[in-house]
Amino acid sequence: MIDADTAALASALRALPDDPRVVASGNHSVPWELVRLLDENVPRYVLNTLNGPPGIPEREGVTAETSFVGAGQRRHSGLRYVPSRLSMVPILFRRSLPVDAVLLHCSLPRDGVVSLGIEVNVLPAAIEACRERGGLVVAQMNDRMPFTHGDALVPLEHVDLAIEVSSPLPTPPAAAALGADTTAIGERVAAMVPDGATLQMGIGAVPDAVLAALTGHRGLRLWTEMFSDGVLALDAAGALDPDHPLTTSFLFGTQDLYHWLDDNRRVHMLRTERTNDPALIARQRSMTSINTALEVDLFGQANASRVDARIHSGFGGQTDFIVGAMHSAGGQSIMALRSWHPKADVSTIVPMVDEPVTSFQASAIVTEQGVAPLFGHSEKDQARHLIELAAHPRVRDELWEEAHHLGLA
C-alpha cells in the first residue's frame with residue numbers, strides 16, 4: 001500500500017480503462033472523498049454501489065449500477081439495475097460485471113491490516129475480482145471507522161493506494177415514537193419467536209418494534225445481513241446468547257453502536273455470500289427470518305421491490321433468508337407489514353400483485369390485525385387467513401369477491 005496525495009490518486013484514476021466499472025462501499029459507508037476524485041478525473045465510468053445514498057454523482061457519463069437501489073439511485077438518470085439476490089452479487093463480479101477498481105471506506109491500519117468496519121457485504125469479492133484483473137484498489141482510511149473483525153479484515157498489501165480522512169459516519173435521524181399499529185405488529189411477531197431462536201431482521205419501524213418486544217426473551221442468536229441499535233437493547237436486557245457470535249455483513253446506527261463495535265470480537269462480520277447463503281442460514285438454530293413488503297396477495301406472493309413497475313429497491317437478501325429459514329429445523333419466515341399503506345391510502349393485502357414478485361411462501365403474514373398462517377395450508381385456506389386475519393376490515397368484502405373470481409373461495 002502507498003499513502004497517496006490527491007494528485008497521485010487522481011493520476012491513477014485517470015489511468016483506468018475507458019468507461020471503467022468501479023465498485024465502491026455502499027449503504028452508509030460510501031467513501032465520498034474517493035468518489036469525488038473519481039468524478040473529477042474520469043469522464044465516463046460505471047459506479048457499482050449497493051443501496052447508494054443521496055450524493056451519488058449524476059451527470060452525462062456516469063452510470064449508477066446496482067443490484068439494490070438506494071435513495072440516491074432511484075431517480076438517477078443513469079441508473080442501471082442488475083437484478084440479483086444479494087448472495088449472488090459476488091458471482092456477477094466474476095461472470096458479467098468485471099471490476100476495474102474498488103473504492104473502500106475503512107479503518108486506519110492495525111497490525112498490517114485495515115478493517116472494512118460497518119460495511120463488508122460484497123466488498124471482499126469485489127477486491128478479489130479486481131486484483132485478479134490487475135485492477136486498482138484504493139482505500140479511504142478513516143479514524144472514525146470502527147475496527148471490526150472476521151471478513152472485514154483486508155491485508156495492506158491488497159490495497160494499492162490510500163488516503164486518510166477524519167469524517168463522522170452517517171447516523172439515523174432520531175426515531176419517531178412507534179405508533180399503535182407498529183407496536184401491535186412487533187408484539188405479535190415477538191410472540192411467535194421462541195427462546196433460543198436465531199434472528200434475521202433489517203432496519204425500520206417494524207424491526208425496531210419487534211426488537212423492543214423481544215427484550216424478555218432469552219438465548220436469542222443473530223445471523224443476519226445487517227443490524228442496528230436495537231441489538232444493543234437486547235444485549236443490555238440479557239436476551240442474547242452470550243456465548244454465541246453476532247453474525248452480520250453490514251451495520252448502521254448511532255455513535256453508541258459504532259463505539260460498541262470497535263474491536264468487539266463478539267461481532268462476526270462475514271462476506272455476503274456467506275451471511276446470505278441459504279444453506280448456511282438453514283443450519284442456524286430455529287432460524288427466524290423477519291421481513292416486510294409493500295404488498296402481499298391472496299396467493300402469498302410479496303412485492304417488496306417495485307412501485308408502479310419502477311424499481312424501488314431490489315431482491316436484497318429477502319429471498320435468501322426466506323429459503324434458508326424455511327429449511328432450518330424449527331425455522332420460520334415471517335412477513336410483517338401494516339394492513340393499510342398510510343401514504344398511498346390503500347390496502348397492502350391485495351387480490352393479486354401486478355408487480356414482479358420479490359418472494360413467496362412465507363410461514364405467516366403479520367399485520368396489526370392479526371397473524372395469517374400460510375405455509376402448510378391449502379391455497380384456499382391461505383387466502384381465507386389473509387382476508388380474515390391480516391387484511392384491514394375496510395377491504396375484506398372486496399377481497400372475498402376477488403377471491404371467488406380467482407378460484408380461492
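This short talk covers the cysteines, one small sheet and one pocket of the structure shown above.

Please keep in mind that this is a predicted model, in which local features need pLDDT of at least 70 and side-chain atom pairs count only at pLDDT 80 or more, while totals for chains, interfaces and linings use all residues. Residues are numbered from 1 along each chain as its sequence is written, and side-chain values use heavy atoms, with hydrogens and water left out.

I begin with the cysteines. The structure holds zero disulfides, a disulfide being a pair of cysteine sulfur atoms within 2.5 Å. For Cys-130, the closest cysteine sulfur belongs to Cys-106 and lies 14 Å away, which is too far for a bond. Cys-106 is buried at 0% relative accessibility, where buried means under 20% relative accessible area with a 1.4 Å probe, protein chains only, and Cys-130 is likewise buried, with a relative accessible area of 0%.

Now to the sheet. Three strands, where a strand is a DSSP run of E of at least two residues, numbered from the N terminus, form an open sheet in the order 20-19-26 with mixed pairing; two strands pair if DSSP finds at least two bridges between them. Strand 20 (302-303) and strand 26 (349-350) stand at the edges with a single partner strand each, so one side of each has no neighbour in the sheet. Strand 19 (residues 295-297) runs antiparallel to strand 20, and two bridges join them, with Glu-295 having Asn-303 in strand 20 as its bridge partner.

Notes
Buried means under 20% relative accessible area, exposed over 50%, partly exposed in between (1.4 Å probe, protein chains only). Helices (H or I, at least four residues) and strands (E, at least two) are DSSP runs, numbered from the N terminus.
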